[in-house]
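The exercises below are meant to be worked through with the sequence and the 3D structure side by side. Try each task before reading its solution.

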Amino acid sequence: METTIAAPKSSSSAETDFLPLQGTDYVEFWVGNAKQAAHYYKTAFGFQSLAYAGPETGVKDRASYVVRQNKLTFVLTTAIRPNNEVADHVALHGDGVKFLALKVEDATSAWKETTKRGGKSYLEPTTLKDESGRFVMSGIHTYGDTVHLFIERGDYNPPETGLLYVDHCVGNVGWNQMNPWVKFYEDVMGFRNILTFDDKDISTEYSALMSKVMSNGNGFVKFPINEPAEGKKKSQVEEYLEFYNGEGVQHCAVATNDIVKTVTDLQSRGVEFLKIPTTYYETLPERVGHIDEDLGPLSRLGILVDRDNEGYLLQIFTKPVEDRPTLFFEIIQRKGAKSFGKGNFKALFEALEKEQEARGNL
């Protein structure tokens, strides 16, 4: 089966776009040691400290560190007492993404519109105030133990400091669960399926998976959803589901305007990336045509290139950033391309399989 691309959606009115999203507000990770995790993202990925909550600020059972880089905000939260939801989540899953927080103009409306369409409420609209202003949040459950929060900042805007923003976040779901979660995003959140990859598109000699890319109306928020497919050996999605003990966020893709500079900096800071065979670059010019970048640095760093009918993209994937082979990151630079690197799937997944084999999980 060929990859299918949905026809462009006509400009939607306020009536049809019942959940107007302005982008990703932040990603919150529940982790075993937030102080050390925050230090890692600051040292390895170049984030800056922004805020803290814990016993000193009146929060008694957990501690959170907020780090920011441009429009990219991460929250790292850990339990400081047993028998609470953070401790239970980490005991089951290890470190992982708990909240994908989405920017909205009206968190109350977002909650009402999604729950009336079948979304299971996580948090009713709640208003918080301090000297910086007003903040409204609400939330619904999605796949596994992951939650979408809706964030309405009103007049609350903490100062920016100075990667750019979240390009997309990918969820791994269980066998035969991709289509039910596609329907959830369509029915509950008004998303549409803009790209479909089947096991012919995403397969190697040993393993396969299927994926559908879900996008909100304006394209600011994209959530690809993966499910395993039958193969000779265990796929990367199966490995994730086994070690995460359930469904969850597989990777977050972060945008940059200069991927060579960004990846060079990240590698010098100790971030580990997947190794791509040098043979990949021998056929690159024939596959993607002219690109602005020199092949030498791309080959040295392991950066992949793919082209669609609107331009090309450059992408690279880290190794998992925890001891469990679960969450990792993608760094992506788009030069017009709106796609997700279909031409790189085979090279990427063969690199992933080498890592799986080294762990004894292939």
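**Exercise 1. Find the element that holds valine 182, and decide whether this residue is buried or exposed.**

Step 1: Valine 182 has its place in helix α4, which covers residues 178–189; helices here are DSSP runs of H or I with at least four residues, strands are runs of E with at least two, and both are numbered from the N terminus.
Step 2: The relative accessible area of valine 182 is 6%, so the residue is buried, where buried means under 20% relative accessible area, exposed over 50%, and partly exposed in between, with a 1.4 Å probe and protein chains only.
Step 3: Not counting residues up to four places away in sequence, valine 182 touches Lys212, Met214 and Ile225, a contact being heavy atoms within 4.5 Å.
Step 4: Valine 182 and proline 224 are 42 residues apart in sequence, and their C-alpha atoms are 9.3 Å apart in space.

Before going on, note how the values were obtained. This is a predicted model, in which local features need pLDDT of at least 70 and side-chain atom pairs count only at pLDDT 80 or more, while totals for chains, interfaces and linings use all residues. Residues are numbered from 1 along each chain as its sequence is written, and side-chain values use heavy atoms, with hydrogens and water left out.

**Exercise 2. Describe the surroundings of tryptophan 181 in helix α4.**

Step 1: Tryptophan 181 counts as buried because its relative accessibility is 17%.
Step 2: Leaving aside neighbours within four places in sequence, tryptophan 181 is in contact with Thr142, Tyr143, Val173, Ile225 and Glu247.
Step 3: One of these partners, isoleucine 225, is 44 residues away along the chain, and the two C-alpha atoms are separated by 7.9 Å.

**Exercise 3. Work out which strands hold leucine 102 and valine 305, and what surrounds each residue.**

Step 1: Leucine 102 is found in strand β6, residues 96–104, and with 0% relative accessibility it counts as buried.
Step 2: The contacts of leucine 102, leaving aside neighbours within four places in sequence, include Leu21, Asp25, His148, Leu149, Met189 and Phe223.
Step 3: Leucine 149 lies 47 residues from leucine 102 along the chain, with 6.0 Å between their C-alpha atoms.
Step 4: Valine 305 lies in strand β15, residues 304–308, and its relative accessibility of 0% means that it counts as buried.
Step 5: Leaving aside neighbours within four places in sequence, valine 305 has contacts that include Tyr280, Leu284, Ile291, Tyr312 and Asn344.
Step 6: The C-alpha atoms of valine 305 and methionine 214, 91 residues apart along the chain, are separated by 22 Å.

**Exercise 4. Explain what is notable about the phi of asparagine 83 and of asparagine 245, and place both residues.**

Step 1: Most residues other than glycine have a negative phi.
Step 2: Asparagine 83, although not a glycine, has a positive phi of about 60 degrees, and it lies in the loop between β5 (72–79) and α2.
Step 3: With a relative accessibility of 73%, asparagine 83 counts as exposed.
Step 4: Asparagine 245 likewise has a positive phi of about 60 degrees without being a glycine, and its loop runs between α5 (236–244) and β14 (248–255).
Step 5: At 43% relative accessibility, asparagine 245 counts as partly exposed.

**Exercise 5. Summarise the protein chain as a whole, beginning with how many helices and strands it has.**

Step 1: The protein chain has 10 helices and 17 strands.
Step 2: Its radius of gyration is 20 Å, close to the 21 Å that the globule rule gives for 362 residues, so the chain is as compact as a globular protein of that length; the radius is taken over C-alpha atoms, and the rule is 2.2 Å times the number of residues to the power 0.38.
Step 3: Of the 362 residues, 53% count as buried.
Step 4: The mean pLDDT of the protein chain is 88, and 93% of its residues reach 70 or more, pLDDT being the predictor's confidence in each residue, from 0 to 100.
Step 5: Over residues 1–14 the pLDDT is below 50, and this stretch has 19 contacts in the model beyond near neighbours in sequence.
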